[in-house]
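Reader: I want a close look at one part of this model, the pockets, with the setting around them. Start from a loop, then take me to the pockets and on to a helix. Keep it brisk, please.

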Amino acid sequence: MGFKPIPAAIALALTLILWFIPAPEGVAPNAWHLLALFIGIIAGIIGKAMPIGAMAMLAMTIVALLQVTVPELGADGNPIKNPAAQAAKDALSSLNSPLIWMIGIAIMISRSLLKTGLGTRIGYLFLSLFGKSTVGVAYSLALCDLLIAPVTPSNTARGGAIVHPIMKAIATSFDSDPEKGTQNKIGRYLALVNYHANIISCLIFLTATAPNPLVVDLVAKATDSKIHLSWGTWFVAMVVPGMVAMVLMPIILYFLYKPEITSTPNAPEMARAKLKEMGPMSRNEKITLGVFAVLLVLWAGLLAPLGIKVDATTTTFLGISLLLLTGVLTWDDVLKEKGAWDTIVWFAALVMMATFLNKLGLIKWFSDLMGQQIQGMGLSWVVGCALLALVYIYSHYMFASGTAHVTAMLGAFYAVGLHLGAPPMLFALVLAASTGIMMSLTHYASGSSPVIYNSGYTTMGEWWIAGFVMSAVEILIFCTIGITWWKMLGYW
C-alpha cells in the first residue's frame with residue numbers, strides 16, 4: 001500500500017467534511033472547495049500519509065481533475081472555453097516560478113560541500129582555532145553552520161549531514177556517548193548548540209532553508225510585488241538581531257544544560273589531526289569555494305554599483321553550471337540529489353494552491369473576517385499583529401513541516417495584519433523572523449531536528465525546554481533590537 005491508512009483517512013475526512021459544508025457568504029464555491037483540498041493535503045503532509053512529494057503530485061492531479069481553480073467566467077465575462085486545459089495549466093503553473101527553481105538548484109549546489117569535503121574542512125578549521133573550551137567548541141560549530149548557510153538551503157543537509165558528524169566526533173573523543181549514559185559530559189550541550197545554530201542561520205539568510213523563499217513569494221503576492229524581500233534586503237534586516245541571537249545562544253544553553261566537561265584542551269589537536277589527515281585543499285574544494293564566493297557576491301548585489309545586476313535565480317543557475325563545467329559535480333550527482341527534485345515538486349504544489357486561494361478571494365475574505373474580530377476586541381494593529389505573530393510561532397507545535405506551516409498560515413495572517421493597518425514591510429519582516437523562530441521549538445520542527453535528536457544526546461523534555469527558552473529569547477531580541485534596527489534602516 002502506498003499510503004498510511006489512518007493519516008490518509010483523517011485527511012480525506014477533513015477534505016470531504018469541508019467540501020460539503022456550504023461556502024460562507026462572500027466565498028465562491030470553487031474557492032471553498034480548493035480550501036477543502038488544501039487543508040486535506042496539509043493534513044496528509046502533517047500526518048505523513050504519503051511522502052510530501054507524493055502528496056504534492058496528488059494535489060496537482062486533483063486540482064487539475066476537479067478544475068477548482070477555474071472560475072465560471074473568464075476576464076472577458078464569457079465562459080472559459082476549455083476549463084480542463086486551463087485547470088491543468090493552473091495545477092502546473094508554479095513549476096514556472098523562479099523562486100522554486102532557485103531553491104531547488106541551490107540544494108543541488110550544496111551537494112558539492114559534501115562531495116568535496118569542504119564543509120567538513122571548514123568545521124575542523126574553526127574547531128582548531130576556537131576549541132580549547134566547551135563554549136569555544138560550541139561557537140566553532142555555530143560559525144561553521146553560519147558560514148555555509150547562505151549556500152546550503154537544505155538546513156537538514158547543513159545541520160544534519162555536515163555539522164552534526166563533526167559534533168558527534170568531538171563528543172565521542174571526550175567519551176560522551178548516549179549508549180554509555182555519558183551524554184551529559186559534553187554531547188547534550190553540543191547537540192543543542194548544533195541545532196539552534198542551524199535554526200538561527202535560517203533566520204539570517206534567505207537561502208538557508210526552504211521555507212524562506214516561500215515567505216518572500218507569499219508576501220510579494222499579497223502586496224502585488226510592492227514588498228519584495230530580496231536576498232540583500234533579507235540579510236541586512238536579519239543580520240543584526242540574528243547575530244545577537246547567535247552570540248547569546250551558546251551561553252544561554254550552557255547555563256540551561258551545563259556540560260560536565262567545561263575545558264577541551266585536546267579538541268584543537270584532534271581537529272588539526274583531522275585536517276592533516278584530509279591533506280591540502282583539493283582542486284575541487286578550491287573551485288567550490290570560488291563558486292560560493294561568486295554566488296554570495298551576486299546574491300548580495302555587491303556589483304550593482306558597477307552596473308552589474310544578476311537575478312537571484314540566474315545566479316543560482318550560474319553556480320550549478322560552473323560546478324558542472326569544472327567537473328566538481330557531474331550530471332549524475334545532480335540527478336541523484338533527490339531532495340532537490342523533491343523540493344521543486346512539493347514546493348510547486350503548495351505555492352500553486354496558496355496562490356489560487358489568494359486569486360479566488362478566500363485569503364481576503366478570511367483576513368477581513370479576522371480583522372473585524374480583532375478590531376471588535378478594540379485592539380490596535382500593534383497588539384493585533386503581536387497576537388498574530390505569537391499564534392503563528394507557537395502553532396508550529398502542530399506542524400512537522402515548516403513549508404506546510406508557512407503555506408497554511410502566513411498568507412492569511414499577513415493579509416490580516418495589513419487589514420489592521422500594519423506597515424507592510426514591518427509585518428513582512430516580523431513574519432519572516434517568526435518563520436525561523438518557530439523552527440526552534442520541537443524535535444520535529446524542521447528537517448534537521450530529527451537527525452540531531454535521534455542521535456540520542458538529549459531527552460524530548462530537554463529538547464522542548466531548550467526550544468521554548470530559545471524561542472522566547474529570540475522573540476525578545478527581534479521585538480527590541482530587531483524592530484529598532486529596521487526603523488534605523490527606514491523599513492517602516
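**From a loop to the pockets**

Author: Aspartate 224 is exposed, because its relative accessible area is 66%, and over 50% counts as exposed. The model is predicted. Aspartate 224 sits in the loop between helix 10 and helix 11 (231–256). Its phi is near 55 degrees, a positive value in a residue that is not glycine.

Glutamine 67 can be set beside it. Its phi is near 60 degrees, again positive and again not in a glycine. This residue belongs to the loop that joins helix 3 (52–66) to helix 4 (83–91). With a relative accessible area of 28%, glutamine 67 is partly exposed.

Now the domains. Domain 1 covers 1–92, and domain 2 covers 98–338. Their C-alpha centres lie 36 Å apart.

The largest pocket comes next. Its volume is about 900 Å³. Lining it are 33 residues, and the closest to its centre are Ile52, Thr156, Trp346, Ser446 and Gly447. Four elements each give two or more residues to this lining: helix 5 (98–116), helix 8 (155–173), helix 16 (338–359) and helix 19 (402–420). By class, the lining holds 17 nonpolar, 12 polar and four charged residues. Domain 1 and domain 2 both contribute to the lining, so the largest pocket lies between them.

Then the second largest pocket. Its volume is about 630 Å³. Here 30 residues form the lining, and Ile363, Phe366, Ala408, Gly411 and Ala412 are the closest to the centre. Helix 2 (29–46), helix 10 (211–222), helix 16, helix 17 (362–376) and helix 19 each supply two or more lining residues. Helix 19 has the largest share, with 10 residues. By class, the count is 22 nonpolar, five polar and three charged. Each of the two domains gives at least three residues to this lining.

Some links are worth following. Helix 10 helps to line the second largest pocket, and the loop with aspartate 224 lies between helix 10 and helix 11. Helix 16 and helix 19 appear in the lining of the largest pocket, and both appear again in that of the second largest pocket.

Next, helix 13, residues 283–299. Its 17 residues should span 24 Å at 1.5 Å a residue, and its end C-alpha atoms are 24 Å apart, which agrees. Its buried residues are Glu285, Ile287, Thr288, Val291, Phe292, Leu295, Leu298 and Trp299. Viewed down the helix axis, the buried residues fall within an arc of 160 degrees, so they line one face of helix 13. The rule behind such a view is simple: an α-helix has 3.6 residues a turn, so residues three or four places apart point the same way. Arg283 and Lys286 are exposed on the other side of helix 13.

Last, helix 14. It runs over residues 312–326 and contains leucine 325. Leucine 325 counts as exposed, because its relative accessibility is 74%. From isoleucine 17, leucine 325 is 308 residues away in sequence and 53 Å away in space, C-alpha to C-alpha.

Conventions. Residues numbered from 1 in each chain as written. Predicted model: local features only at pLDDT ≥ 70, side-chain atom pairs only at ≥ 80, totals over all residues. Heavy atoms only, no water. Domains from an automatic or database assignment. Buried < 20%, exposed > 50% of the residue type's maximum accessible area, 1.4 Å probe, protein only. 1 Å grid on protein atoms, 1.4 Å probe; cavity = no way out; pocket = protein on both sides within 12 Å on 5 of 7 lines; lining within 4 Å. Points joined across faces, edges and corners; volume = space filled by probe spheres on them. Nonpolar A, V, L, I, M, F, W, Y, C, P; charged D, E, K, R; others polar. Expected span 1.5 Å × (residues − 1). Arc of directions from axis to C-beta.
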